[in-house]
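Trainee: Please take a close look at one part of this model for me, starting from what counts as a contact. I would like to see how its interior relates to the strands around it.

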Amino acid sequence: MKNHSKILMIGLPIITVLVTTLWAGQLPDGSPFTVNGSIEIISAPDQAMVHIDGKKKGLTPFKTELAVGQHTLKIHKQGYEDYTQAFEVVPGENKSIGVALVKLTDVSITSKPKGAAIYMDGSLIGTTPLKMKLPTGKHQLQLELLGYGEWAEEIIIVEDYSNKITLQK
């Protein structure tokens, strides 16, 4: 029983010092104790709206401190595809996220006959005729219409892309 009381008597002051220094905002060695981290977000182009955990925060380039834990980032700029990413903040970390936003452009797809299902990169996006904004770059375009042959091709969407497709029986 005596040995236990010695351990308790020795351990109690150490715990008291540790709790007191953490409560004061610093570690026992004097360095600051933090439960935050910082994040810097840059985008090309800049001046894109930053949303963190669903709340508007400011325009890129953007820097802030965040609580430790999981967060969701969304970057929005008119004329560009929205960017979304989950990230984690750890205590004292200085995280940097750089994003190249993908430009959207007007796309027009028609077919003869009309009414064909349009698949872009494997996902149904509508039926012909179709006008909408889509991201520029390489895509797999596929058209299907009952009673007609399937049409598929890799395409490169550039500014104001237009494609007229004649489906064969």
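Mentor: Contact here means that heavy atoms lie within 4.5 Å of each other. The model is a predicted one. With neighbours within four places in sequence left aside, I41 is in contact with V50, I52, T60, P61, F62, L73, I75 and I97. Several of these can be placed by strand. I41 itself falls in β1, which covers residues 36-44. V50 and I52 fall in β2, residues 49-52, while L73 and I75 fall in β5, residues 69-76. F62 belongs to β4 (62-67) and I97 to β7 (94-100).

I41 is also one of the five residues that touch the most other members of the largest nonpolar core, which has 15 residues; the other four are I52, L73, I75 and F87. At least two residues of this core come from each of β1, β2, β4, β5, β6 and β7. A separate second core has 14 residues, among them V107, I109, L145 and Y161. As a general point, nonpolar side chains in soluble globular proteins tend to be buried together.

The strands that supply the largest core can be followed sheet by sheet. β4, β1 and β7, in that order, form an open sheet of three strands with mixed pairing. β4 and β7 are its edge strands, each pairing on one side only. From one strand to the next, the twist averages 25°. Within this sheet, β1 and β7 run parallel and are joined by seven bridges. One position to look at is E40, which stands opposite S96 of β7. S96 counts as exposed because its relative accessibility is 52%, and the cut-off for exposed is over 50%. The C-alpha atom of S96 is 8.9 Å from that of K63, although the two residues are 33 apart along the chain. K63 falls within the residue range of β4.

The other sheet to consider is an open one of four strands, ordered β3-β2-β5-β6, and its pairing is antiparallel. β3 (55-59) and β6 (83-89) each have a single partner strand, so each has one side without a neighbour in the sheet. On average, neighbouring strands here are turned by 30° against each other, with direction ignored. F87, named above for its core contacts, falls in the edge strand β6. Between β2 and β5 there are four antiparallel bridges, and M49 has H76 of β5 as its bridge partner. Taken together, I41 of β1 has contacts that include V50, I52, L73 and I75, and these four fall in β2 and β5.

Two remarks on rings complete this part. The count of aromatic pairs is zero under the rule used. There is, however, a charge over a ring: the charged end of K103 sits over Y80, 5.5 Å from the ring centre.

Further along the chain, β9 (residues 117-120) is joined to β10 (residues 123-127) by four bridges, running antiparallel. I118 is paired with G126 of β10. Two residues separate the strands of this hairpin, and D121 there has a positive phi near 55°. β9 also pairs with β12 (residues 137-144), again in the antiparallel sense and over four bridges, with M120 opposite L141 of β12.

How values were computed
Residues numbered from 1 in each chain as written. Predicted model: local features only at pLDDT ≥ 70, side-chain atom pairs only at ≥ 80, totals over all residues. Heavy atoms only, no water. Pairing = 2+ DSSP bridges. Axes fitted to C-alpha atoms, helices over the stretch in contact; angles between N-to-C directions. Buried < 20%, exposed > 50% of the residue type's maximum accessible area, 1.4 Å probe, protein only. Phe/Tyr/Trp six-rings, centres within 6.5 Å; stacked < 30°, edge-to-face > 60°. Lys NZ or Arg CZ within 6 Å of the ring centre and 35° of its normal. Core = buried A, V, L, I, M, F, W, Y, C linked by side-chain atoms within 4.5 Å.
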